[in-house]
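Grab a pencil and work through the exercises below. Try each task yourself before you read its solution.

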Amino acid sequence: MSPDASDANLRSRNNTSAAKAAQKQAAAADSGEWVSQRGPMETSAPYAKAYEEPPFTLKEIRDAVPAWCFKHNTLVSLGYVALDVAMAATQFYIATGIDSGWNGLIDTSSPLVRFALWMIYGVVQGWVCTGIWVLAHECGHGGFSANTTLNHCVGFVLHSALLVPYFSWKITHSKHHKNCSNVDKDQVFIPSLRSEYPSRVRSADQAVPEHGKEEEEEGDMFESPPIFDLLRLVRQQLFGWPSYIIANVSGQKFDVWASHFHSSSPIFDPHHAKQVIMSDIGIAIMLGILGYLAHTYSVMAVVKYYVIPYLWVNHWLVMITYLQHTDVRLPHYRGDDWTFLKGALCTVDRDFGFLNHFFHHITDTHVVHHLFSTMPFYNAEAATEAVKAKLGKFYLYDDSPIFLSMWRSYRNCKFVEDEGGVVFYKR
């Protein structure tokens, strides 16, 4: 079956599910049963009530994937690196002609014209460099090549060029994969707790049934004004990534400074010290290069050619990972209720349109990536098609416009309860 046909079938199943949900709501309304006034992607109530544990094993899922999907081809991986680097270099070269109008080919004497062209360069270069970021991420997983040394060499160079502490982040990202959606052990996008929202804390004698009418009315009563959420969302997209690697924002909370840049950080084990230091050296070298370029040419030149695309990379990185792991349909677990398989299934494949190709399909094949993180990224599409039938309703996919999805998740995924083995986002 072709990918287009599979996508059509998946959308058909989603539409059918939505129609059935609407019918059930209508039937509930006719019977006098309370019906949520929120849309199906705006409340976790129906998903929490319908929660089931996966009826299959990880081995059964793996057996559904063709064996060739797990085989590495280093030349193919290097080809992707060469292509992305060539695209980035080509755009850089083209951008050198913006201020001169490409030697008079067009008139760029207007500051507004030059500003618009530089912004376009920043956006497109951001797409390409996000793809480079993803390739380095694959190196950290071992999905780039079967050769560990090559993985680390390529990943270290590419991530350092993008001011990412390669080994340090590789360590914590591995912990994320091993503990995905474990409230107490995951490493990033740890959900806030009800107790962190003082206005939402109830008295001990106030019994409100979970995921019911009273709780929904309570959520609506304390809902943040949309403008406040919009400003917070912009802050997340601008500063979320550097805040995470510098101060572990959105990660687990510690009584001491947790950072990807110091070897005694509580997010690392003692034997990680050399890798953290090596990562810091890579960042220091890149900052030195940028400083030299700013001194030789100008600070503004570095801003135009590097900083603006860098900010776009940060935006896409945060957006991609946030949407993969933040959704009203996704449970979080504590204690013995968590297993690797349950956690790996707590992610959503999203359709980023043509950007899927720039981002090497990390966007729409993330479920398979969490199940088998060492699988070569260029085989993930085929593997995803292979596991959909096996996963059934446990495979989560969303082809909504991505900015709408981000806004919807930000508005509706505020916190989880302080207690409970299986908890869902509330607002």
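To compare two helices, we fit a line to the C-alpha atoms of each one over the stretch in contact; that line is the axis, and the angle between N-to-C directions runs from 0 to 180 degrees. Keep in mind that this is a predicted model.

**Exercise 1.** Work out how helix α11 and helix α12 are oriented to each other.

*Solution.*
- Start with the numbers: α11 covers residues 273-296 and α12 covers residues 299-325, and they pack at an angle of about 125° with axes 7 Å apart.
- Now the cut-offs: 65 to 115 degrees counts as roughly perpendicular and over 145 as roughly antiparallel, while angles like the remaining ones count as oblique.
- So α11 and α12 are oblique to each other.
- Next, look at who touches whom: Met-286, Leu-290, Leu-293 and Ala-294 from α11 meet Val-299, Val-302 and Tyr-306 from α12.
- Sorted by class, that contact has 7 nonpolar residues, with no polar and no charged ones.

**Exercise 2.** Do the same for helix α10 and α12: how are they oriented to each other?

*Solution.*
- Helix α10 spans residues 226-247, and its axis comes within 8 Å of the α12 axis, crossing at roughly 90°.
- The window for roughly perpendicular is 65 to 115 degrees.
- α10 and α12 are therefore roughly perpendicular to each other.
- On the α10 side, the contact includes Gln-236, Gln-237 and Trp-241, and among their α12 partners are Tyr-310, Asn-314 and His-315.
- By class, the contact of α10 with α12 has 7 nonpolar, 5 polar and no charged residues.

**Exercise 3.** Find out which parts of the chain the salt bridge of Arg-38 and Glu-216 links.

*Solution.*
- First, the idea: side chains of opposite charge can pair when their charged atoms come close.
- The side chains of Arg-38 and Glu-216 do this, at 4.0 Å from N to O.
- Then locate them: Arg-38 is in the loop between α1 (3-30) and α2 (45-49), and Glu-216 is in helix α9 (residues 213-221).
- The two are 178 residues apart, so this pair links distant parts of the chain.
- For the whole model, the salt bridge count comes to 27.

Notes. Residues are numbered from 1 along each chain as its sequence is written. This is a predicted model: local features need pLDDT of at least 70, side-chain atom pairs count only at pLDDT 80 or more; totals for chains, interfaces and linings use all residues. Side-chain values use heavy atoms; hydrogens and water are left out. Helices (H or I, at least four residues) and strands (E, at least two) are DSSP runs, numbered from the N terminus. Angles under 35 degrees count as roughly parallel, over 145 as roughly antiparallel, 65 to 115 as roughly perpendicular and the rest as oblique. Contact means heavy atoms within 4.5 Å. Ala, Val, Leu, Ile, Met, Phe, Trp, Tyr, Cys and Pro count as nonpolar, Asp, Glu, Lys and Arg as charged, and the others, Gly among them, as polar.
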